[in-house]
Amino acid sequence: MHPLWPQVQNFHPHLWRAVCGYELNPAMREELLQEVLLAVWESLPRLRDPDMLLPFVLRIAHNLGASHVRAEARMPSPVSFDAAQHDVPDPATTTACARTQWLFEALATLPLNLRQVLMLQLEGFDYQEIADMLGVTLENVGVRLHRARGRLKALSKEEGGL
């Protein structure tokens, strides 16, 4: 086992949120998460700076998520969204779960380039880190984030706000 693997396992919540941003179907989420973990496992020996493990892992997750979305776009197989089959909310946090679910559904409507930057910012990365992970300019990250937030605001207004 690679010595950094236990740390990768601690990043499971980050990876799960990344996967949820690319896939709404629970079974496909699990499958995508497994693909991400396998890719991380295979790529760990190439990591040069162990201090950059989280960005390394999330870059893999977002690249695979983007590939997954592109592949699904080529072969659309519509799956109706059934909230009962998704994460079972704790009654004490129903509002928070509803907002989280709304966010995942709203993210799924964004174009891939906007979705990626917003998801990475929600994970706490700054503009420069996002630019480095996605291989775009700092200015482009700002533009994409501005557009993504604008679209989410518009969706929120259309649906009566959350």
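**Figure 1. Phe104 and its neighbours in a predicted model.** Start with Phe104, which touches Arg17, Cys20, Gly21, Leu24 and Arg29, once residues within four places in sequence are left aside. You'll find Phe104 in helix H5. Is Phe104 buried or exposed? Its relative accessible area is 12%, so Phe104 is buried. One of those neighbours, Arg29, lies over the face of the Phe104 ring, 5.6 Å from the ring centre. Now look for Ala18: it sits 86 residues away from Phe104 along the chain, yet the two C-alpha atoms are separated by 9.8 Å.

**Figure 2. The salt bridge between Glu123 and Arg17.** How many salt bridges does the count come to? The answer is 1, and here Glu123 and Arg17 are the partners, with their side chains meeting at 2.7 Å, N to O. The two residues come from distant parts of the chain, 106 residues apart: Glu123 is in the loop between H6 and H7, while Arg17 is in helix H2. Their surroundings are worth a look too. Glu123 has a relative accessible area of 16%, and buried means under 20%, so Glu123 counts as buried. Arg17, at 36% relative accessibility, counts as partly exposed. Which residues does Glu123 touch, not counting those up to four places away in sequence? They are His14, Arg17 and Leu58.

**Figure 3. Helix H6 and what follows it.** Why is H6 described as largely enclosed by the rest of the structure? Because 8 of its 11 residues are buried. If you want to pick them out, the buried residues in H6 are Leu112, Leu114, Arg115, Gln116, Val117, Leu118, Met119 and Leu120. Notice that Arg115 and Gln116 are on that list alongside several leucines. After H6, look for Gly124, which has a positive phi, near 100°. The loop between H6 and H7 is also where you'll meet Glu123 again.

**Figure 4. Trp5 and Trp41, an aromatic pair.** The count of aromatic pairs comes to 1. The ring centres of Trp5 and Trp41 are 5.0 Å apart and the ring planes meet at 85°, so this pair is edge-to-face. It's another link between distant parts of the chain, with Trp5 in helix H1 and Trp41 in helix H3, 36 residues apart. Are the two residues buried or exposed? Trp5 counts as buried, at 12% relative accessibility, whereas Trp41 is partly exposed, with a relative accessible area of 39%.

**Figure 5. Leu53 and the largest nonpolar core.** In soluble globular proteins, nonpolar side chains tend to be buried together. Here, the largest nonpolar core has 47 residues, and those with the most contacts inside it are Leu15, Val40 and Leu53. Which elements give two or more residues to this core? They are H1 (5-10), H2 (12-20), H3 (26-43), H4 (53-74), H5 (94-109), H6 (112-122), H7 (127-134) and H8 (138-158). H4 gives the most, with 8 residues. Zoom in on Leu53 and you'll see contacts with Leu4, Gln7, Val8, Phe11, Leu44 and Leu47, leaving aside neighbours within four places in sequence.

**Figure 6. Arg59 beside Asp132 and Met133.** Where is Arg59? It's in helix H4. Not counting residues up to four places away in sequence, Arg59 touches Asp132 and Met133. Arg59 and Met133 are 74 residues apart in sequence, but their C-alpha atoms are 5.8 Å apart in space. With 37% relative accessibility, Arg59 counts as partly exposed.

**Figure 7. Stepping back to the whole protein.** The predicted model has 8 helices and 0 strands, and reading along the sequence gives the pattern α-α-α-α-α-α-α-α. Of its 162 residues, 40% count as buried. The protein exposes about 9,600 Å², with carbon and sulfur atoms supplying 56% of that. What share of the contacts between residues at least 6 apart in sequence join residues at least 24 apart? The share is 68%. The close-ups gave you a few links across the chain to look at, among them Glu123 with Arg17 and Trp5 with Trp41.

Conventions:
Residues numbered from 1 in each chain as written. Predicted model: local features only at pLDDT ≥ 70, side-chain atom pairs only at ≥ 80, totals over all residues. Heavy atoms only, no water. Helix = DSSP H or I, 4+ residues; strand = E, 2+ residues; numbered from the N terminus. Buried < 20%, exposed > 50% of the residue type's maximum accessible area, 1.4 Å probe, protein only. Contact = heavy atoms within 4.5 Å. Areas by Shrake-Rupley, 256 points an atom, 1.4 Å probe, with all protein chains shown as cover. Core = buried A, V, L, I, M, F, W, Y, C linked by side-chain atoms within 4.5 Å. Phe/Tyr/Trp six-rings, centres within 6.5 Å; stacked < 30°, edge-to-face > 60°. Lys NZ or Arg CZ within 6 Å of the ring centre and 35° of its normal. Salt bridge = Lys/Arg side-chain N within 4 Å of Asp/Glu carboxyl O.
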